[in-house]
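Subject: Structure handover

Hi,

Here is the structure I promised to pass on. My notes follow below it.

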Amino acid sequence: ASTSPPDLILLDIMMPEMDGYEVCRRLKANEHPHDIPIIFVTARDSTEDEEMGFSQGAVDYISKPFRPTIVRARIKTHMSLKIKTDLLENLSTRDGLTDIPNRRLYEDSLAKEWARVARNNMPLSLVMMDIDHFKPYNDNYGHGAGDECLQRVATALHAALARTSDVVARFGGEEFVALLPETDAAGAYHVAQTLQAAVHDLALTHEYAPTAAVVTLSLGVATHNPQAPHQNAEALQETADQALYRAKANGRNQIQVAPAGTPR
């Protein structure tokens, strides 16, 4: 069976055990399928029934008896709208240069994962990353080469993540972030090593960097401790950012790990 959600749902009102209104309400309350268009196709044709269908979140209401050509035309219209909406949503959450998730998607994902791990008493880790000496790279090789460097680094970071639940995003400029749900400090450090190696292995020449002859990363790792109830998502991000600052201050091209559960 396919695990992909449907693009559109046709729903009757009169069904055994649970009527179509309740099915629609539950679908719209669910985090994942709430944006799937729902069309009621039913023998119930009163104004009250139609108003109830739209109030539950349906995009259309077709009463029986119906003409197949009309149903197909209305389905085609809503499918076209869904495709355009999905495209706009994808564009709004992808970084235009690197085509990986952008900061908006990362921040939305962090908020959702924070709520989930807090409920389930699970760890959550962040890895903040910065390309070392990127300004001299841009200044000496040109902005075109700088853009290509960002693209190749982003692709390498994205490919290095083994789990679909992990998210790597462009945080801004030459800075990236990895969100690692249900990952403890030891696991996060291992992922950070993998990310660091992935960029180093690109072997992008950087003769203007004092730390190495190729493009490298500085990385800061922080892990939420489930036994630290007063920590929040913003504090976790600040902790990772402070660890990144230490990595850069200590000579770059290295990983710094913050103590678990510390506020910064």
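Which residues touch the most other members of the largest nonpolar core? They are V127, M129, V153, L157, F176 and L195, out of 27 residues in that core. Please keep in mind that this is a predicted model.

**The cores**

Several elements give two or more residues to this largest core. The strands are β4 (124-131), β6 (175-181) and β7 (217-224). The helices are α5 (134-141), α6 and α7. Another core lies apart from it. That one has 19 residues, among them L124, V177, A240 and L244.

V127 has a long contact list. Leaving out residues up to four places away in sequence, V127 touches F176, V177, A178 and L180. V127 also touches A188, A192 and L195. L219, G220 and V221 complete the list for V127. Two of these partners, F176 and L195, are named above with V127 among the residues that touch the most other core members. V177, also a partner of V127, belongs to the other core.

**The α6/α7 pair**

Two packed helices are described by the angle between their axes and the distance between the axes. For helix α6 (residues 143-160) and helix α7 (residues 185-200), the axes come within 9 Å. They cross at roughly 140 degrees. Over 145 degrees would count as roughly antiparallel, so α6 is oblique to α7. The crossing is right-handed.

On the α6 side, the contact is made by V153, A156, L157 and A160. On the α7 side, T194, L195, A198 and V199 make it. Seven of the contact residues are nonpolar, one is polar and none is charged. V153, L157 and L195 appear both in this contact and in the list of residues that touch the most other core members.

**Two buried residues**

D95 sits in the loop between α3 (68-93) and α4 (103-120). Its relative accessibility is 14%, so D95 counts as buried. Beyond its neighbours within four places in sequence, D95 is in contact with I100, P101, N102 and R170.

Y21 is in helix α1 (residues 20-29). Y21 counts as buried because its relative accessibility is 11%. Not counting residues up to four places away in sequence, Y21 touches I13, F40, R44 and D49. M52, G53, Q56 and Y61 are also touched by Y21. For a distance across the model, take Y21 and A115: they are 94 residues apart in sequence and 29 Å apart in space, C-alpha to C-alpha.

Best wishes

How values were computed: Residues numbered from 1 in each chain as written. Predicted model: local features only at pLDDT ≥ 70, side-chain atom pairs only at ≥ 80, totals over all residues. Heavy atoms only, no water. Axes fitted to C-alpha atoms, helices over the stretch in contact; angles between N-to-C directions. Helix = DSSP H or I, 4+ residues; strand = E, 2+ residues; numbered from the N terminus. Parallel < 35°, antiparallel > 145°, perpendicular 65-115°, else oblique. Left-handed = near helix turned anticlockwise from the far one by under 90°. Contact = heavy atoms within 4.5 Å. Nonpolar A, V, L, I, M, F, W, Y, C, P; charged D, E, K, R; others polar. Core = buried A, V, L, I, M, F, W, Y, C linked by side-chain atoms within 4.5 Å. Buried < 20%, exposed > 50% of the residue type's maximum accessible area, 1.4 Å probe, protein only.
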